[in-house]
Structures are given as structure tokens and as C-alpha cells.
Amino acid sequence: MTLDYDVVVLGAGPVGENVVDRVRAAGLTVAVVEAELVGGECSYWACMPSKALLRPAIARSEARKVAGLRGHAYHPLDAHDVLAHRDAVVGDWKDDGQVTWVQSTGADLYRGHGRLHGPRRVVVRSPEGDRHVLTARHAVAVCTGSRAVLPDLPGLPAAHPWTSREATSSSRVPRHLVVVGGGVVGVEMATAWQALGARVTLLVRGEGLLPRMEPFAGEHVAAALTERGADVRTGAAVAAVVRDGSTGPVTVVLEGGEHVDGDEVLFATGRRPRTEDIGLESVGLEPGSWLDVDDSLRVVGHDWLYAVGDVNHRALLTHQGKYQARIAGAAIAARAAGDGAVDSAPWGPHSATADHAAVPQVVFTDPEAAAVGLTLAAAEAAGRRVRAVDLDLTSVAGANLYAQGYRGHARMVVDLDRETVVGATFVGPGLGELLHSATVAVTGEVPLARLWHAVPSYPTLSEAWLRLLEAYRDGAGTS
């Protein structure tokens, strides 16, 4: 049976759900196809479970720096309780609530594996073997996300390594966890499992942690992990992995021959798109490839095909994928209306401009690291005439009230020709919630002269903005 819809969405994670929401709001009919759990990677194996694991660690750490609580915050975390709460947060890996929401929009949900079979045509095979052919009058949106990629190392497949999925869903705390990779997943999971009682060794091929952020962010996180007992090694390249059976001890062999033994090994070494088996070859695209898109998220060379979220490799973040989904949904609806109302100008309703200029990210380590826009190095590499202003956050009264012995750092990158903020980075306890103010400043291209009139409440951490502006005015703390 062939079923006709205005739009067919491949993937019912947060990105696909937001495309569904936008096109349904425009009155279009839509089918959404999901091979796993409705709600996707973020809901069950990434954002939600990882933050459920991290929140107790961060809360205990902060309590240790507050007068009246310090002496009561040194007991071990109740790992059983933390893991049970994590399980509740992900609905015990059942998607009933998410399914109910999708159905409430009026979309039709098809469970099974969906593949393109030529332009505007998707074939779905259900787990029971049923076959549905879906055709799209206006658009097919690929929202299938990404998966962890494992390096090609001797012995690795037989060692049954953890990826981000196993790291966020494990039902037990390993005695010794070896983490390979110093990016977001690596440092967050090192933080969480160390707090739950695991001994952690963090192996990083490069020179530091969080290489996409300003260098000081990774330095603060590395210092904190080390102070709590983690063994953080930079310049440590893995050559092989050996395991005694499927569950025995694991040995990570470094280049040079040194061995690092553990109970589990987590490889947090990158992602690849989930496009290897969705029929891209039927429309002239390479299976397994990232999909190039324009700013309305339409695949280059295909006026009916959209790639939204991780699959386009623009910004592998849930919130950014949801932003893209809102843009794509609006663009699909505008093109379906046929009135020529697509506004693809920068910052227009059908242009995902923030992907280039204002991508925010919080790393939920202890301390938190948060950034938006360009780093100093990226701005200089782009040929901008910029100046960086740095601030030791101990100069902010709110920081010292937030935690005794507070340590943190902030940087504001200013475009000197326009006198606007093009990037900001914060590292320190409680600073994730400060990031949106920076995102507004970067996205809105707010002149520094106007930011002087955005008065921060005293005594809060947000007074960092005033101190940064003062430093810029006085020529202090600059790079």
C-alpha cells in the first residue's frame, strides 16, 4: 500500500519531533519513521541520562564549598539511588510518553527501518515484517542523527568497549574506568563515574581537554579531575586493546608499550552520521556520508530533501538540531504554500544563521565550561580584527558568595571594527546558566555601548559581564 503525505520525517528524536511540530502547525500532513525509541539518542543515551548522573556529583561538590554544609558533604554518593534516578529520567528506556506526544500532534508514526527509494519516496519495514510505502508531496526530512565511532585498533572489537551509550546506561559502577578521549563525552563521563566511586584514567591524544573551547576551559577541568584523584594523561595515543574474555579486565596499550589496566574502557573519540542504510544511493548521494545543506537545511542539489541535526555536521548538539528543525519546518511550510515567501537572508525565519555565528554549548563537568560564538583563535583565523578580554572570576562578589574558594575564568572576544561580542567562554561552578546572556549578546550583535546599560543584579555571578566591560574599557586583562 502506498500512503501519501505532505512531509515524511526519518527519525523521531528531538530533531524529528520538532520538524513534525512545525509542519503540523502549518497544516501539513506528516509521517514520522523511527527504528528505535521515539525520543532518540538525547532522551535515552545522551543528554538526559548523562545529566542525571552528573547532577549529584556537581551538587555534592558545590555543597563542600558552602559554610555550614562542608562537613556534611563528604559521604559517598548513593550509587544505587543515582542510577535508579537516571533510569526514571529515561523512563526505563520505554517511549510511551514520547509516542503519546507524537500522536497528539496528528502525525502518523511508523515503527521500523525507513529507506529512501528514489525522490520523495520512503519504504518502511516494521519489526514484524510489514512493508509501507510513503510518498511525500513536498519534503522528506532526514533526522537520523549520529552514532559513536570506534577507531580501528587491534583487539578493540573483542574488548567490548563502552561508547557513550554504555557509559550513560551502565547498571553498575566499574572499579576502574579508562576513558579514551578528551572531548565533551570523555570529560563528562569521567566526572560522573569518578563521583560515583570509580577510579578514572583519562587518556587524551592531544595536548589538552575540550580542544574546541578556549584552552583555559580544558585546563580548569583537567585540574579539577586531577585534584579528585583522576589520572589525566595528555599526549597518550592508544595502540591496542586487550581483554580477558568478554567481561574480564581490560588492558589499554599505549604507543610506546605502556599498559593501562581497567575494568571497563570508554572510547569517546567521535561520531559518524546514521546515513549508511537509508537509501541515499537511490537519490545519488553517498551512503554513510554527512549531508551538505544550505541555511534552510535543504540538501544541496535536492529541492525536496532536508537533512536536519547531526546528519548535516553543522553543530552536533541537541538544542542546535532542534533550532535547525524549527527553521527547516518553517521553510518546508513556506515552500509548500508556493507563495515565494522563503526568507533565506541571514537571521531570517528560514535561515539557520546561528549555526555559523552563535552556537552555545555547556559542558556539565565540575567546574562547568560554557561557550558561545568564536574562540579567540577561531576569530583570528577568520581574519577578524578582535581583542580578547579575560577575567579571573574571583573579582566578582557573587562568585565568592556562591562558593568559598571559588575558581573560575571568563573571556569575551570583541570585534574591534563593530565593537560587538563575537564569542564568550566561561568556566567555573554554576556558570552554565550564565551562557544564555552571552548567546543573546552574540546573536543580537549588541553593541558594547548598549551592553553598559544591561545592569547585572548584585551580587550575582552575572556581574561578570560588568567586570568584562570594565576590563575592555580600561585595556586590562586583554590578549
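In this predicted model, β5 and β6 make a hairpin with 5 residues between the two strands, and G129 in the turn has a positive phi of about 95°. Strand β5 covers residues 121-125 and is joined to β6 by 5 bridges, with the two strands running antiparallel. One contact to look for is V122, whose bridge partner in β6 is L134.

## Around strand β6

L134 is worth a second look. From β1, L3 stands opposite L134, and V122 of β5 also has L134 as its bridge partner. Strand β6 spans residues 131-142 and pairs with β1 in the parallel sense over 8 bridges. A further neighbour is β16 (residues 305-307), which runs parallel to β6 and is joined to it by 3 bridges. In that pairing, V142 stands opposite A307. As background, strands of a sheet pair through backbone hydrogen bonds, in either a parallel or an antiparallel way.

Strand β1 also takes part in an aromatic contact. The structure holds 5 aromatic pairs. In one of them, the ring centres of Y5 and Y110 are 6.3 Å apart and the planes stand at 85°, so this pair is edge-to-face. Y5 belongs to β1 (residues 2-10) and Y110 to β3 (residues 108-111), so the pair ties together parts that are 105 residues apart in sequence. Are these two tyrosines buried or exposed? Both Y5 and Y110 are buried.

## A three-stranded open sheet

Moving along the chain, you will find 3 strands that form an open sheet in the order β11-β12-β13, with antiparallel pairing. Its edge strands are β11 (238-243) and β13 (259-262), each pairing on one side only. From one strand to the next, the twist averages 20°. β11 and β12 (residues 250-254) run antiparallel and are joined by 5 bridges. Here V238 has L254 of β12 as its bridge partner.

## Two helices

Helix α7 takes in residues 184-195, and its 12 residues reach 17 Å from the first C-alpha to the last, close to the 16 Å expected at 1.5 Å a residue. This helix is mostly covered, with 10 of its 12 residues buried; among them are V187, M189 and W193. After α7 comes G197, which has a positive phi, near 115°.

Helix α8 (residues 215-227) has 13 residues that should span 18 Å at 1.5 Å a residue, and the 19 Å between its end C-alpha atoms agrees with this. Its buried residues include F216, V221, A222 and L225. In general, an α-helix has 3.6 residues a turn, so residues three or four places apart point the same way. Just after α8, G229 takes a positive phi of about 110°.

## Arginines over rings, and cysteines

Two arginines are found over aromatic faces. R64 lies over the face of Y74, at 4.3 Å from the ring centre, and R165 lies over the face of W45, at 3.6 Å from the ring centre.

How many disulfides does the structure hold? There are 0. C143 is in no disulfide, and the nearest cysteine sulfur, that of C42, is 14 Å away. With a relative accessibility of 7%, C143 counts as buried. C47, by contrast, is partly exposed, its relative accessible area being 24%.

## Backbone features in the loops

Most residues other than glycine have a negative phi, and most peptide bonds are trans. The table lists some sites to check against that background.

| Site | Feature | Value |
|---|---|---|
| D366 and P367 | cis peptide bond | omega about 10° |
| Y458 and P459 | cis peptide bond | omega about -5° |
| H313 | positive phi, not a glycine | about 65° |
| E419 | positive phi, not a glycine | about 50° |

Where do these residues sit? P367 is in the loop between β17 (360-363) and β18 (368-373). P459 lies in the loop between α14 (448-451) and α15 (464-474). The loop between β16 and α9 (318-337) holds H313, while E419 has its place in the loop between β20 (409-415) and β21 (420-428).

H313 counts as partly exposed, at 45% relative accessibility. E419 counts as partly exposed too, at 37% relative accessibility.

Notes
Residues are numbered from 1 along each chain as its sequence is written. This is a predicted model: local features need pLDDT of at least 70, side-chain atom pairs count only at pLDDT 80 or more; totals for chains, interfaces and linings use all residues. Side-chain values use heavy atoms; hydrogens and water are left out. A disulfide is a pair of cysteine sulfur atoms within 2.5 Å. Buried means under 20% relative accessible area, exposed over 50%, partly exposed in between (1.4 Å probe, protein chains only). Two strands pair if DSSP finds at least two bridges between them. Helices (H or I, at least four residues) and strands (E, at least two) are DSSP runs, numbered from the N terminus. Axes are lines fitted to C-alpha atoms, for helices over the stretch in contact, and angles run from 0 to 180 degrees between N-to-C directions. Rings of Phe, Tyr and Trp (its six-membered ring) pair if their centres lie within 6.5 Å; planes under 30 degrees apart count as stacked, over 60 as edge-to-face and the rest as tilted. A charge sits over a ring if NZ of Lys or CZ of Arg is within 6 Å of the ring centre and within 35 degrees of the ring normal. The expected span of a helix is 1.5 Å times one less than its number of residues.
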